[in-house]
Amino acid sequence: SPSPVTADANGKTAGDSVTFDAKYQDNGRNCTGTVVGKGTVEKDGSKAVGTIAIQDSCDGEASGTFRFYR
């Protein structure tokens, strides 16, 4: 179920690579966790896609994908 989540994220790009990490608080479930992402940025900088690894205090490890658009 959807739940309110707040996060502080930091990231960087180098060439066509993007990396980021975030610490979050899931207020609806009273859980905390981290997300680490790695991906590739389009040459014009308009999009990035990649994978994420999640470590959640309630549900443990999970993985997924991301897409950023500008």
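Which residue in E3 does Phe 20 stand opposite? In this predicted model, Phe 20 faces Gly 37 of strand E3, and that pair is a convenient place from which to begin a description of the sheet.

**The sheet**

The model holds an open sheet of 5 strands, arranged in the order E1-E2-E3-E4-E5 and paired in the antiparallel sense. At its edges lie strand E1 (5-14) and strand E5 (60-69), each of which pairs on one side only, and the twist from one strand to the next averages 20°. As a general matter, the strands of a sheet pair through backbone hydrogen bonds, and they can do so in a parallel or an antiparallel way.

**Two hairpins**

Strand E2 (residues 17-26) and strand E3 (residues 31-41) run antiparallel and are joined by 10 bridges, while E3 and strand E4 (residues 47-56) are paired, again in the antiparallel sense, over 9 bridges. The table sets out the turns of these two hairpins.

| Hairpin | Residues between the strands | Residue with positive phi |
|---|---|---|
| E2 and E3 | 4 residues | Asn 30, about 60° |
| E3 and E4 | 5 residues | Gly 45, near 75° |

Individual pairs can also be followed across the strands: Asp 21 has Val 36 in E3 as its bridge partner, and Val 35 stands opposite Ile 54 in E4.

**The nonpolar core**

The largest nonpolar core has 8 residues in all, namely Val 18, Phe 20, Tyr 24, Val 35, Val 41, Ala 48, Ile 52 and Phe 66. E2, E3 and E4 each supply at least two residues of this core, and E2 gives the most, with 3 residues. This may be read beside the general tendency of nonpolar side chains to be buried together in soluble globular proteins.

One member of the core, Phe 66, has a long list of contacts once its neighbours within four places in sequence are left aside, including Val 18, Phe 20, Ala 48 and Ile 52. Among the other residues that Phe 66 contacts are Gly 37, Lys 38 and Gly 39, so the Gly 37 that stands opposite Phe 20 appears here once more.

**A buried aspartate**

Is Asp 26 buried or exposed? Asp 26, which is found in strand E2, counts as buried because its relative accessibility is 7%, and the cut-off for buried is under 20%. The side chains of Asp 26 and Ser 3 are joined by a polar contact of 2.2 Å. Not counting residues up to four places away in sequence, Asp 26 touches Ser 3, Pro 4, Val 5 and Cys 31.

Definitions and conventions
Residues numbered from 1 in each chain as written. Predicted model: local features only at pLDDT ≥ 70, side-chain atom pairs only at ≥ 80, totals over all residues. Heavy atoms only, no water. Pairing = 2+ DSSP bridges. Buried < 20%, exposed > 50% of the residue type's maximum accessible area, 1.4 Å probe, protein only. Polar contact = N/O pair within 3.5 Å; in protein donor to acceptor, adjacent residues only side chain to side chain. Contact = heavy atoms within 4.5 Å. Axes fitted to C-alpha atoms, helices over the stretch in contact; angles between N-to-C directions. Core = buried A, V, L, I, M, F, W, Y, C linked by side-chain atoms within 4.5 Å.
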